[in-house]
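Here's a quick walk through the strands, helices and cores of one protein model. Have the viewer open while you read.

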Amino acid sequence: NDVDLRWRASRALRLETRLTTDDLVVRLLGRGADPALAPGAAGGLSANEAARTCATCDEADCHLHEPVAARRAPPGRRVFLVDEAWPEFAAFVGSERRDGDRLALPLDGARRGLARYAWTGDGFSERLEAPLAALARSHAIRRAGPQGARRRQAELAGTAAIARGLARRLAPEDVELTVAQSCLPTLWRDGVLGGRSFDVLMTRLPMAVLQARLDVAAAVHPERRTLADFRASPGLADIEAEALAAARRIVTPHAEIAALFGERAVRLAWARPDGRPARSAAASRRIAFPGPTIARKGAWAVREAAQALDLEVLLLGGDLEGPGFWDGVRTVRPGAHAWTDGVAAVVQPALVEDQPRRLLQALAAGVPVLASPACGLDDPAVTLVPPDDAAALVGALRPLVG
């Protein structure tokens with residue numbers, strides 16, 4: 001019952017179609033103008049001709065006639081297509097869920113005892129999984145090692161497989177999606193989000209912003225090789241940017257990320273862990289660094305500040321910057337007691353920090369926190385310091401360590 005448009009082109013054309021939330025957009029691309037397509041051209045389209053459909057013609061006796069009132073859209077349904085289970089997102093999904101909504105996730109972690117995917121399925125009509133793709137991603141990431149381009153490639157490829165596995169389970173009536181940022185580029189590139197409205201659960205900076213920030217830092221400090229160890233392809237970053245521009249809402253607890261999207265941002269509160277106040281040590285000269293020890297987390301600035309003030313550094317993350325990085329600095333690892341005990345401050349002058357869980361633990365224990373805006377906290381109890389700036393960190397630490 002749809003209108004057929006027919007014409008004869010004088011040269012090769014490429015047909016592109018794209019489905020937005022409201023429209024089917026069709027483009028014909030070719031080299032130069034085609035006179036056969038010009039309005040009023042012989043054999044072409046007339047400027048006075050309008051497309052006619054069953055909704056506009058008066059031929060009610062036609063065997064194809066279908067009353068407009070009889071055509072109804074299928075009932076809408078929402079799907080939450082998620083990845084890693086952050087407590088902030090779990091609370092948001094629980095508050096947004098309606099009867100009949102579906103939950104799509106890599107693995108049912110709540111049933112299998114996997115904390116990474118421990119989303120509660122209570123109240124959803126159905127839970128969709130991509131278990132083989134999820135297990136394959138975990139295996140590939142473990143084989144790739146803790147750092148470097150191989151690990152990032154394994155994450156991207158594995159997440160794309162998960163996204164496609166879950167997308168195959170979607171139905172036409174799934175007209176609203178809430179999508180994990182990790183799955184967003186694949187779903188957008190494959191056209192899954194066409195004709196649907198969608199929100200994004202945002203866990204990190206957009207690829208383009210993140211990589212530009214690291215590129216600037218790598219140019220200033222070429223000796224810090226980990227700053228340039230991986231970049232996604234420009235095409236993938238562009239795809240993500242297009243998808244984010246089309247999203248209805250950007251949902252995140254991260255203050256810096258939320259600020260990028262203005263009124264479209266839904267800012268969630270960070271989940272504060274329960275914790276007792278830390279036992280302080282008089283005139284403590286110990287600081288804690290959540291880490292891991294890598295340039296983008298501010299490790300170089302922390303090392304320089306510790307040397308300048310003769311501080312002991314409690315290391316909470318892995319050593320990814322290379323052997324001997326902390327030579328000349330007194331370091332210690334957590335012991336039997338709470339790691340916040342006896343710590344003068346927790347410092348994270350990061351260029352990039354997606355999930356500041358250690359900083360939230362420190363705030364809950366009443367320990368001073370010095371962090372860059374990249375850590376995503378706008379709590380008044382946090383002292384903001386510039387990222388990767390040793391001199392500023394020394395100035396902020398001096399009153400705390402005597």
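What follows goes through two sheets, then one buried charged residue, then the cores.

## The seven-stranded sheet

A word of caution before we start: this is a predicted model. One open sheet holds seven strands in the order 5-4-3-6-7-8-9, with parallel pairing. Strand 5 (126–129) and strand 9 (265–267) are the edge strands, each pairing on one side only. From one strand to the next, the twist averages 20°.

Helix 1 (residues 87–96) packs on this sheet and touches strand 3 (77–81), strand 6, strand 7, strand 8 (249–252) and strand 9. Its direction makes about 130° with that of strand 8. Further along the sheet, strand 6 (residues 174–180) pairs with strand 7 over five bridges, in the parallel sense. If you want a pair to click on, Leu177 stands opposite Phe198 in strand 7.

## Asp199, tucked into strand 7

Asp199 sits in strand 7 (residues 197–201). Is Asp199 buried or exposed? Its relative accessibility is 1%, so it counts as buried; the cut-off for that is under 20%.

What does the side chain of Asp199 pair up with? There is a polar contact of 2.9 Å to the side chain of Arg248. Once neighbours within four places in sequence are set aside, Asp199 is in contact with Leu177, Thr178, Val179, Arg248 and Arg249.

## The six-stranded sheet

The other open sheet to look at has six strands, ordered 12-11-10-13-14-15, and the pairing is again parallel. Strand 12 and strand 15 (382–384) stand at the edges with a single partner strand each, so one side of each has no neighbour in the sheet. On average, neighbouring strands here are turned by 30° against each other, direction ignored.

Strand 11 (residues 312–315) is covered on both faces: Glu312 and Leu314 are buried on one side, Val313 and Leu315 on the other. Four bridges tie strand 11 to strand 10 (residues 286–289) in parallel, and Ile287 has Val313 as its bridge partner. Between those two strands the chain goes through helix 9 (residues 299–309), making a right-handed β-α-β crossover. Strand 11 also runs parallel to strand 12 (residues 330–332), joined by three bridges, with Glu312 opposite Arg330.

Elsewhere in the sheet, strand 13 (residues 345–348) and strand 14 (residues 369–371) pair in parallel over three bridges, and Val346 stands opposite Val369. Two helices lie across these strands. Helix 9 covers strand 10, strand 11 and strand 13, at about 175° to strand 10. Helix 10 (residues 357–364) lies across strand 13, strand 14 and strand 15, at about 150° to strand 14.

## The nonpolar cores

In soluble globular proteins, nonpolar side chains tend to be buried together. Here the largest nonpolar core has 64 residues, and Leu187, Val313 and Leu397 touch the most other members. Which helix gives the most to this core? That's helix 9, with six residues.

Leu397 is a good place to zoom in. Not counting residues up to four places away in sequence, Leu397 touches Ile287, Ala305, Leu309, Leu311, Ala345, Val347 and Leu370. Apart from this core lies another one, of 32 residues, including Leu105, Val251, Val343 and Leu360.

Note on methods
Residues are numbered from 1 along each chain as its sequence is written. This is a predicted model: local features need pLDDT of at least 70, side-chain atom pairs count only at pLDDT 80 or more; totals for chains, interfaces and linings use all residues. Side-chain values use heavy atoms; hydrogens and water are left out. Buried means under 20% relative accessible area, exposed over 50%, partly exposed in between (1.4 Å probe, protein chains only). Two strands pair if DSSP finds at least two bridges between them. A crossover is right-handed if, with the strands pointing away from the viewer, the path from the first strand over the helix to the second runs clockwise. Axes are lines fitted to C-alpha atoms, for helices over the stretch in contact, and angles run from 0 to 180 degrees between N-to-C directions. Contact means heavy atoms within 4.5 Å. A polar contact is a pair of N or O atoms within 3.5 Å; within protein, one must be able to donate a hydrogen and the other to accept it, and residues adjacent in sequence count only if both atoms are side-chain atoms. A nonpolar core is a set of buried Ala, Val, Leu, Ile, Met, Phe, Trp, Tyr and Cys residues joined through side-chain atoms within 4.5 Å.
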